[in-house]
Amino acid sequence: MLNLRKLFRAPASAPAPAVPAGQRVYAIGDVHGCRAQFEALIAAIDADDAARQAAETVVILLGDLVDRGPDSAGVLALARDWQARRKVQILTGNHEEMFLESFENPDVLREFLRHGGRETVLSFGIDPEAYTRADLTETRALMRQHVPQDALDFIATFEDRVEIGDYLFVHAGVRPGIALDQQRLSDLRWIRGLFLDHPGSFGPVIVHGHTIFEQAEVRHNRIGIDTGAYATGRLTALGLDGTRRWLIEAHDNNGTVTTAQRSIA
């Protein structure tokens with residue numbers, strides 16, 4: 001009988017994945033409008049980075065900054081401010097894709113609003129009663145009135161993938177059997193099962209969000225760090241330096257946000 005545990009274990013002879021010497025990476029999972037946890041994690045990462053040996057540090061936000069949580073507008077503002085202070089690269093998630101397309105496509109707008117978009121548009125100052133009364137066309141008009149163009153322009157700058165050392169950072173995952181430079185955007189932003197269930201190597205270790213895990217899921221071929229901040233209160237970041245790896249978590253427990261850190265293999 002096939003031993004599934006062996007499928008998810010790196011070969012004993014495989015070298016440990018690493019980022020290049022002198023570099024340090026922090027990757028943050030899906031924020032989904034959870035400003036309090038994001039703000040706490042920004043402070044924790046800045047402090048952690050300052051306490052370590054000087055390095056060329058980059059922060060990668062894995063996408064889905066918006067939707068579901070209470071303050072997508074505030075999260076976007078924090079991300080822009082942080083990017084002005086240090087190197088921060090941001091990936092486009094499926095929710096950013098829907099948000100941008102919803103201004104032109106009524107079918108996408110309908111799906112966007114059903115999957116957390118309501119919270120996003122209200123965070124930009126739309127009156128809840130006006131939103132409730134509005135039909136789809138009126139909702140789009142309210143969005144155009146209240147969502148500033150510079151916020152949309154900021155989202156349009158988000159990237160599709162970042163590769164550093166032995167790690168590839170994407171929002172959702174990659175399609176097995178397809179060269180990494182030939183991956184479709186739809187898979188980078190939306191894929192689940194085929195990617196999550198694949199037991200083999202992808203080449204680099206894939207660091208991703210999109211699929212919620214109770215805690216960060218560390219496999220030999222991928223690391224998933226979406227811990228469902230809007231539902232669980234827990235927002236997770238992965239730190240990488242050489243072959244060292246650690247997690248920093250910000251957890252909102254009934255309005256009190258705390259952070260904790262732990263090493264992982």
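**Rings, cores and a helix crossing**

There are 8 aromatic pairs here, where rings of Phe, Tyr and Trp (its six-membered ring) pair if their centres lie within 6.5 Å. Take Phe195 and Phe202: their ring centres sit 5.2 Å apart with the planes at 35°, so this pair is tilted, given that planes under 30 degrees apart count as stacked, over 60 as edge-to-face and the rest as tilted. Both residues are buried (under 20% relative accessible area, 1.4 Å probe, protein chains only).

A word on the model: it is predicted, local features need pLDDT of at least 70, side-chain atom pairs count only at pLDDT 80 or more, and totals for chains, interfaces and linings use all residues. Residues are numbered from 1 along each chain as its sequence is written, and side-chain values use heavy atoms, leaving out hydrogens and water.

Back at Phe195, Arg222 lies over the ring face, 5.9 Å from its centre; Arg52 does likewise over Trp246, at 3.7 Å. To count, NZ of Lys or CZ of Arg must be within 6 Å of the ring centre and within 35 degrees of the ring normal.

Now look at Phe99. Ring pairs link Phe99 with Phe103, Phe112 and Phe124 in a cluster. Phe99 is also among the residues with the most contacts inside the largest nonpolar core, which has 50 residues. Such a core is a set of buried Ala, Val, Leu, Ile, Met, Phe, Trp, Tyr and Cys residues joined through side-chain atoms within 4.5 Å. A second, separate core of 20 residues includes Val19, Val25, Ala216 and Ile264.
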